[in-house]
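Good morning, and thank you for coming. I would like to take you through one model, beginning with a single residue and moving outward from there.

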Amino acid sequence: MIDLERQLTSTHEKLMRMSVRPGEGWTMYGLIRMMRPQTVVEIGRLEGISSEWILNALEANGKGHLHSIDIKTRQESIPRLAAWVNKGAATIHEFDSHGPKAAELAGKLGTVDFLFVDGCHTPEAVEADCRLWLPRVKGYVLFHDWAFEGVRVGIRRAVPMEKFPRYVASYEHMVAGEVHTHGHGLMLLHLPDGLRSMPIEPPGRPG
Ligand SMILES: C[S@@+](CC[C@H](N)C(=O)[O-])C[C@H]1O[C@@H](n2cnc3c(N)ncnc32)[C@H](O)[C@@H]1O
């Protein structure tokens with residue numbers, strides 16, 4: 001188990017600070033082990049560290065497939081994820097997570113059991129990710145960098161959270177002595193039946 005943690009860290013100090021930390025990785029791993037999702041979508045893969053936490057959990061479950069989306073593929077992620085792609089556990093997508101190609105993928109997948117959101121952290125981008133992807137989810141949505149104002153604002157613009165308090169749990173993993181300049185924190189939203197019951201407005205609403 002400790003080996004997994006050692007393996008899922010980066011040698012790049014700057015990239016490392018943008019990735020899920022080991023404590024957050026273990027939380028993701030545990031959630032996926034418990035929830036046993038079939039279709040998992042990740043928005044924002046960077047070096048592939050969060051992707052590998054997810055993939056290790058899916059492998060331990062013996063089921064599930066990861067669709068990983070990033071607007072650009074970082075060189076470091078290629079060797080990290082190649083073996084997973086070759087064995088059919090993951091599909092790598094390179095496009096805007098809320099653009100037309102993402103909409104096409106969302107349509108093809110139909111239902112997403114577990115969505116991990118860690119892409120662009122502006123309120124506009126987070127809102128657009130929510131509006132495109134949350135209606136597809138029948139299961140769980142996990143946001144990284146919940147401590148970022150942009151992420152919180154973006155989610156609140158798209159999701160009427162106050163109407164669904166029991167579906168929300170958040171968690172901030174603090175490491176003593178570490179300065180969190182690149183954000184941290186996980187927020188879990190439980191959508192057992194998608195957004196069907198949520199009065200969410202479709203993309204492109206006026207005003
Ligand atoms: C914080 S990093 C992701 C870290 C990764 N989840 C991890 O824990 O190792 C954010 C990533 O989102 C990607 N990104 C930014 N804007 C995006 C967009 N519009 N669509 C898809 N990916 C985007 C960036 O290229 C970057 O790799």
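Let me begin at Gly119. Leaving aside residues up to four places away in sequence, Gly119 touches Ile43, Gly44, Ser97, Ala125 and Asp129. Its place in the chain is the loop between β4 and α7, the latter covering residues 123–133. Is Gly119 buried or exposed? Gly119 counts as buried because 25 other C-beta atoms lie within 10 Å, and the cut-off for that class is 20 or more. Gly119 also stands 8.6 Å from Ile69, C-alpha to C-alpha, although 50 residues separate the two in sequence.

Before going further, a word on confidence. What you see is a predicted model. The protein chain has a mean pLDDT of 85, with 77% of its residues at 70 or more. Over residues 199–203, however, the pLDDT falls below 50, and this stretch has nine contacts in the model beyond near neighbours in sequence. I would ask you to keep that stretch in mind when looking at the display.

Now the overall organisation. The protein chain contains eight helices and seven strands. Of its 207 residues, 39% are buried. If one takes the contacts between residues at least 6 apart in sequence, 79% of them join residues at least 24 apart.

I turn to the strands, starting with β1, residues 39–43. Four of the five residues in β1 are buried. Which strands does β1 pair with? One is β2, which runs parallel to β1 and is joined to it by five bridges. Within that pairing, Thr39 stands opposite His65, and Glu42 stands opposite Ser68. Between β1 and β2 the chain passes through α4, and this β-α-β crossover is right-handed. The other is β4, residues 112–117, which pairs with β1 in the parallel sense over four bridges. There, Val40 of β1 faces Phe114 of β4.

From β2 we can continue to β3, residues 90–94. These two strands also pair in the parallel sense, over five bridges. His67 in β2 stands opposite Thr91 in β3. Together with helix α5, residues 77–86, β2 and β3 form a right-handed β-α-β unit.

Next, the ligand. Which residues come nearest to the ligand? Of the 20 residues around it, they are Ser19, Gly44, Ser50, Ser97 and Cys120. Two of these, Gly44 and Ser97, are also among the residues that Gly119 touches. How do the residues of the shell divide by character? Nine are nonpolar, five are polar and six are charged. As for the elements involved, α4, spanning 49–61, and β2, spanning 65–70, each supply at least two residues of that shell.

A helix residue offers a useful contrast with Gly119. Arg33 belongs to helix α3, residues 22–35. Arg33 is classed as partly exposed because it has 13 C-beta neighbours inside 10 Å, where 12 or fewer would make a residue exposed and 20 or more would make it buried. Beyond residues up to four places away in sequence, Arg33 touches Ala57, Ala60 and Asn61. Asn61 is 28 residues from Arg33 in sequence, yet the two C-alpha atoms are 6.1 Å apart.

Finally, two points of backbone geometry. As a general matter, most residues other than glycine have a negative phi. Which residues here have a positive phi without being glycine? Leu46 is one of them, with a phi near 50°. Leu46 is located in the loop between β1 and α4, and it counts as buried because it has 22 C-beta neighbours inside 10 Å. Asp145 is another, with a positive phi of about 65°. Asp145 sits in the loop between β5, residues 137–144, and α8, residues 149–158. Asp145 likewise counts as buried, because 24 C-beta neighbours lie inside 10 Å.

To close, let me return to two points. β1 runs parallel to β2 and pairs in the parallel sense with β4 as well. Gly119, with which I began, lies in the loop that follows between β4 and α7, and it touches Gly44 and Ser97, both of which are among the residues nearest to the ligand. Thank you for your attention.

Definitions and conventions
Residues numbered from 1 in each chain as written. Predicted model: local features only at pLDDT ≥ 70, side-chain atom pairs only at ≥ 80, totals over all residues. Near = placed C-beta within 6 Å. Nonpolar A, V, L, I, M, F, W, Y, C, P; charged D, E, K, R; others polar. pLDDT = per-residue confidence, 0-100. Contact = placed C-beta atoms within 7 Å. Pairing = 2+ DSSP bridges. Right-handed = clockwise from strand over helix to strand, strands pointing away.
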